[in-house]
Amino acid sequence: MTIIDLIIIIPILAAVAIGCGGSARVLALAAAWANLLLGLVVFVTLVAKGGDEMHFKSSWVLLHSPELTLGFAVDGMSGVLVLLTVIVTFCAVRVSSGDLGKGSGKLYYISLLLIAAGALGAFCATDLFFFYAFHELALIPTFLMIGIYGNGREKVATAWKITIYLGVGSLILLGGLIALYVSLSPPGAPTFDIAKLAPSPGEHPLSAEVQKWIFLPLLVGFGILVSLFPFHSWAAPAYAAAPTPVAMLHAGVLKKFGLYGMLRVAMPLLPEGFEAWKGLLLVLLLGNILYVGLVTISQRYLDRMIGNSSVMHMGYIFLGIACCNSIGWGGAVLMMFAHGISIALLFALCGSLRERLDTLEISRLGGLGGSMPFLAVTFGFAAFASIGLPGFANFASEITIFFAAFKDAGEMGILQVATILALWGVVISAVYMLRAYRSIFQGELIGERYPADLAQSMRLPVVLMIVILLLTGFFPNIILKLLPNLFEVL
Amino acid sequence: MSIAFIILLLPLVAAASILLGIRKKANLSAYVSVASAGICFLLTLGLIRGSGGEAGAFTWLSVGGLELKIALEITGLTRGMILVVTLVGLLVHIFSLGYMRDDAGKARYFAGLSLFMFSMSGIVLADNFAMMFIFWELVGVSSYLLIGHWFQKNSAAEASKKAFLVNRIGDFGFMAGILLLWGATGEIGFSALRETLEVQTFDPSLLNWAMICIFCGAVGKSAQVPLHVWLPDAMEGPTPVSALIHAATMVAAGVFMLTKVTFLIIAAPVAASVIQHVGALTALLAALMATQQSDIKKILAYSTLSQLGYMVMAVGFAGFLHSGEAVGAVASNAGFFHLYTHAFFKALLFLGAGAVIYACHHEQDIWKMGGLIRLMPVTAITFLIGTAALAGLPPLSGFWSKDAVMAVTQNSTPLLIVGAITAFLTAFYMSRLCTIVFFGKARSQAAREAGEVPLMMRAPLVILALGAVIAGFEFAYGWFIAPADLPHPHGALPLVLTIIGVAGIVTGYLLHRGREKDPIRVEVLVRKFYIDEFYLFLVRVFQDGVAYLAKAVDQLLIDGLIVRGSARLTVGVGLLLRGLQGGNLQRHVFLFGVGIVIVIYLITIALG
């Protein structure tokens, strides 16, 4: 059993133990701590060994024909996402508050742990089937948490909405994956092993036309899961309704599954398929950046604004992916990491504001910086990270992606035009973030109540996330060292 | 670690240690910040004597063949600029010890100043566009923090937000320009680009576009028309901040950047022409607006805009074709020379204004002041020296640098005329300000009770006044620009300019002597050509309008039709979903999951 197997199984075991009557919060915290440490060990090992190859391989053959293997391994890209998952999981468990409505919070912590385990499994699976199944494992508790522990009167309706929405997305994706399995398996030896499905360089068994039509369901399926425009409208209401740790885990970690899938499965297996849809993807990602960006500006509630901002930033990651070079893909993975941490941080802070205030309507708040300085300062860090200020990893990833699009671009192609348009998003995101910040924390105090500052128990995770963003922003090579030649490797 | 790296990093260390450790001890925080500024200044003295060349590098980001470096480059102009930054920076730090003595957010203020020093040094020392852009943005954020220092005041909070956003619009262009250049040449280092442009030819329209985009960055940072609107509002910040950031250094960063890429301006004549005209327009419009303001800091802010316009115009002339040949680096040297002298006298004027405001219990309206020369002679006399330098009276520093700028404009008569009109207006509005504030009778109780400011604040004034007097002499600038590399005016230009300056001063004095309000009121100038109102209107119509429209589309079309529609379809058809009419959510979701697994299993087996 490798350390990766451990990382995946620890949260599952902890969930089982809670189900059997163990103390929910203690077990969840213990599992989160253990995973955080193990995740760091994995990361450091990968830094030492290099991220180009798969490490920590393990496999159990379940079926021989078709070949179905429960197997895990990590390379640089998976390693970064594993690190992201353990960090966000740790912080999400830490910020989970005592007031859980019904019962002892058993279901609550079990769900959190299963989401984490599902995400980790999906990021490390070497087998197409388990790649998909682990993601489903993570989605189900997400729906439950929103429906049961969510905020607002419409939580059940919202839970339904995303269940159907993401369910449809998953099924479309499934169709694409099955088509991949059928068409790419070596003759006579059907297999789900991603590595064995990958075409050998230079000779692709499928014609460009076939690739094109298999790529489409993958793009739409992954796209729905990542809230690619115009399939994005589930995201903001879901995050607003979700309990804080679930919003952190889903927006921060689980949503990266679709992007990871694009890089791990769709792009390497169907390179010509992507070429056919490149123009469409560029239009859609501009929809994320520009259209959703404007929608974000018009939001009246802080939680919805943050949710929409997360949707908007997905556009940049897709842009990195569309560059089809190692700079762009490295930048995309770095941005998955940076965005994952910063959005989790924003949701954590937004959650504590929700606990303290009667409303999150931006125009009805004001001047809170005076009475909650710690929260105001940390929110300021989060806001500036989110809008890509140098010093934070978000900036490093954005600039990498922009440079990637112009690599060897003597003339303006569609990619370059799209990138120039996408650049406008840095203005848009500054508008909504600073507007909200100015309205909520600055200016004269609105209302008579002086809400309390951030609780002590919240401070460790919040500071941890800020430190990580700064550390990887000052030294982005910490992450990028694992992803030097992603395009060539994949 | 080289001296230059220490100059760069020391203020960051100071800012971080205040934020992380000693922020509760306000005085200690202030001293740490002042000490770091002092050490940086001393190190700068060492640096500018040393030899040039590379000062060290650190690979900040590398992936897939892209390498972005934090690497320092020390050239002649860098030396001049780093001296301005650390010297004016140090004086402003010291002045702030007095000005911000009792401020509740003192530690935060000094941390902000140190952060600014770090960011500004980064711009000055950068050897490539990526690093410059990084610090370009950081300067923006430190300016944001300092303008919004009194963040509980609505106007300050609005002003800081506006400054940041307007700057971001400029940065958008800047980044686009950097990318265009990089795409075409594969280089982002200044010297590498210069060499590449020498040996290879590129599509001139691409270079023009790239240069125009890069210039957008300068338009934002140096507050040129049409992005000038943030600078007057930025006066909401504490006055020493206005002196350092919004007069001497940060707003000059745009001009500095343009002088660094002079070789590019020479290669892009269309862009050069755009630069000249934007600069000239800014110089003229801002000077017009300055004549009708009544807030002492706003007058100085418009004056800064106008002088920055001069500098930008001069730098733009580098690409101006004069009988077939570009005017070249002489022009950008003239712009930089004016930047250098302006830093001294404008910082002096702002700190002087700060002293006046401090003495008059935070009164900023000049029509409530008067007769202050008797009550605060040191402040008044140094302020008058600064005024004379700004008006371009010989032999003060402004005379020499304005001569250099105007000598460049002699290549193009229309711009020469614009420059001359601006020179007259400059002398006029400064004379108006001085006449009202320092002479005549006091117009309010606050002005009657004013007294001289403490030594901590007087000393920087005196030192800067000395700078304003001597900075234009060869011994004060010759070590970074050889006098031969500066343009020399033809004919009687210096004499004409002197007469224009004197005429402006006399007119301003005669018109405003003993008045209680402006004798001539031009509504359109008072209202700043209604540009702010126009922008507000634009923002409302486009930004908000589009945003609300987008939201409506979102809810109606995408959510309403596509999602709900397909959802209904699914619900109607699906066996899975039919059992969901009653019962609880948990069971349904569980069933849903089971269903998916079964489907996968069946398909797998069937296909296998």
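**Stop 1: a hairpin in chain A**

Select residues 55-63 of chain A, then add 68-74: these are strands β1 and β2, and they pair in the antiparallel sense over six bridges. Keep in mind as you click around that this is a predicted model. The connection from β1(A) to β2(A) is a hairpin, made through four residues. For a landmark on the ladder, label A:S59, then look across to β2(A), where A:G71 stands opposite. If you turn on side chains here, remember that in a regular strand they alternate between the two faces of the sheet.

**Stop 2: helix α2 of chain A**

Now select residues 24-49 of chain A, which form helix α2. How far apart are the end C-alpha atoms of this helix? Put a distance label on them and you should get 37 Å; at 1.5 Å a residue, the 26 residues should span 38 Å, so the two values agree.

Next, colour the buried residues of α2(A). They are A:A24, A:A28, A:L29, A:A31, A:A32, A:N35, A:L36, A:L38, A:G39, A:V42, A:F43 and A:L46. While you look at how they are spaced, a reminder: an α-helix has 3.6 residues a turn, so residues three or four places apart point the same way.

What covers those buried residues? Show the elements around them: the cover includes α1, β1, β2, α3 (76-95), α4 (106-124) and α19 (477-480) of chain A. The hairpin strands from the previous stop, β1 and β2, are thus part of that cover.

Step just past the end of α2(A) and pick A:G50, which takes a positive phi of about 95°.

**Stop 3: A:G19**

Go back to helix α1 of chain A, residues 3-19, and select A:G19. Its relative accessibility is 44%, so A:G19 counts as partly exposed. Which residues does A:G19 touch, if you skip those up to four places away in sequence? Light up A:K106 and A:I110. For a sense of scale, draw a C-alpha to C-alpha line from A:G19 to A:G369: they sit 350 residues apart in sequence and 42 Å apart in space.

**Stop 4: where the chains meet**

Bring chain B into view and select the contact between the chains: 79 residues of chain A and 69 residues of chain B take part. The buried area comes to about 6,700 Å², with carbon and sulfur atoms giving 75% of it.

How many salt bridges run between chain B and chain A? The count is one. Find it by selecting A:R438 and B:E158, whose side chains meet at 2.4 Å, N to O. Polar contacts add to the picture, with 13 residue pairs found across this interface. On the chain B side, the elements that give two or more residues are α1 (3-22), β1 (53-63), β2 (66-74), α5, α6, α25 (531-573) and α27 (585-607). Of these, α6(B) provides the largest share, 18 residues.

**Stop 5: around helix α6 of chain B**

Stay on α6 of chain B and pick B:N167. Is B:N167 buried or exposed? Its relative accessible area is 4%, so B:N167 is buried. Outside its neighbours within four places in sequence, B:N167 is in contact with B:G220, B:K221 and B:W230. Zoom in on B:K221: its backbone nitrogen lies 3.4 Å from a polar atom of the B:N167 side chain.

Now select B:R168 and B:E137, whose side chains form a salt bridge at 2.8 Å, N to O. B:E137 belongs to helix α5 (residues 129-147) and B:R168 to helix α6 (residues 154-185), so the pair ties together parts of chain B that are 31 residues apart in sequence. B:E137 counts as buried, at 3% relative accessibility, and B:R168 is buried with a relative accessible area of 3%.

A second salt bridge to pick out is B:D233 with B:K162, at 3.0 Å, N to O. B:D233 is in helix α9 (residues 230-233) and B:K162 in helix α6 of chain B, so this pair ties together parts 71 residues apart in sequence.

**Last stop: the other salt bridges**

For a contrasting setting, select B:R521 and B:E523, which meet in a salt bridge at 3.3 Å, N to O. B:R521 counts as exposed at 58% relative accessibility, and B:E523 is partly exposed at 34%. Then swing over to chain A and select A:R300, A:E361 and A:R364, which are joined into one network by salt bridges that share partners. Over all chains, the count comes to 20 salt bridges.

Technical notes
Residues numbered from 1 in each chain as written. Chains lettered and ligands numbered in written order. Predicted model: local features only at pLDDT ≥ 70, side-chain atom pairs only at ≥ 80, totals over all residues. Heavy atoms only, no water. Salt bridge = Lys/Arg side-chain N within 4 Å of Asp/Glu carboxyl O. Buried < 20%, exposed > 50% of the residue type's maximum accessible area, 1.4 Å probe, protein only. Contact = heavy atoms within 4.5 Å. Pairing = 2+ DSSP bridges. Expected span 1.5 Å × (residues − 1). Buried area = accessible area lost by both parts, 1.4 Å probe. Polar contact = N/O pair within 3.5 Å; in protein donor to acceptor, adjacent residues only side chain to side chain.
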